[in-house]
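Here are a few exercises to work through with the model open beside you. Try each task before you read its solution.

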Amino acid sequence: MTLKNLAFATEPIKPRTDPILRKRQSLTRRLEEQIQVAKDPDFAPIVKRWKKGENGKRSLFEVQKKYHPGGLRISTVTFI
């Protein structure tokens with residue numbers, strides 16, 4: 001067998017259900033949000049939520065993501 005007999009083949013694209021790819025995309029999205037908050041302190045990311053209306057049908061609407069400027073809030077409980 002020689003190299004002339006070999007042919008190139010394309011690698012199949014991994015489906016979106018790849019857990020490593022999802023984690024990387026999630027991390028990238030959160031880092032981009034932090035960059036935008038650093039540039040503009042009044043920035044609030046928008047997330048989409050489903051809500052049942054008065055007629056009982058579910059509808060998709062956008063809401064501002066809850067954001068704490070100091071990051072995670074740590075309680076002031078002291079353990080002895």
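A contact here means heavy atoms within 4.5 Å. You're looking at a predicted model, where local features need pLDDT of at least 70, side-chain atom pairs count only at pLDDT 80 or more, and totals for chains, interfaces and linings use all residues. Residues are numbered from 1 along each chain as its sequence is written, and side-chain values use heavy atoms, with hydrogens and water left out.

**Exercise 1. Get your bearings**

Work out which pattern the chain follows along the sequence.

Solution. Start with the inventory: one helix and two strands. These are DSSP runs (helices: H or I, at least four residues; strands: E, at least two), numbered from the N terminus. Now read along the sequence, and you get α-β-β. Next, check the cover: of the 80 residues, 9% count as buried. Buried means under 20% relative accessible area, exposed over 50%, and partly exposed in between (1.4 Å probe, protein chains only). Finish with contacts between residues at least 6 apart in sequence: 6% of them join residues at least 24 apart.

**Exercise 2. Two residues in strand 2**

Find which residues Val63 touches, not counting those up to four places away in sequence.

Solution. First locate Val63: it sits in strand 2. Then list its partners, which are Pro45, Ile46, Val47 and Arg49. Pro45 is 18 residues away along the chain, and the two C-alpha atoms are separated by 8.5 Å. As for cover, Val63 is partly exposed, at 32% relative accessible area.

Now do it again for Glu62, also placed in strand 2 (residues 58-64). Leaving out neighbours within four places in sequence, Glu62 contacts Ile46, Val47 and Lys48. Take Val47: it is 15 residues from Glu62 in sequence, yet 5.6 Å away in space, C-alpha to C-alpha. Glu62 counts as exposed, with 54% relative accessibility.

**Exercise 3. Hunt for the salt bridge**

Identify the residue that forms a salt bridge with Glu33.

Solution. Begin with the idea: side chains of opposite charge can pair when their charged atoms come close. The rule asks for a side-chain nitrogen of Lys or Arg within 4 Å of a carboxyl oxygen of Asp or Glu. Apply it, and the count comes to one salt bridge. The partner is Lys65, with the closest N and O atoms 3.1 Å apart. Glu33 lies in helix 1 and Lys65 in the segment after strand 2, so the pair ties together parts 32 residues apart in sequence. Compare the cover at both ends: Glu33 is buried at 18% relative accessibility, while Lys65 is partly exposed at 32%.

**Exercise 4. Look at Lys23**

Is Lys23 buried or exposed?

Solution. Go to helix 1 (residues 19-39), where Lys23 is found. Then read off its relative accessible area, which is 63%, so Lys23 is exposed.
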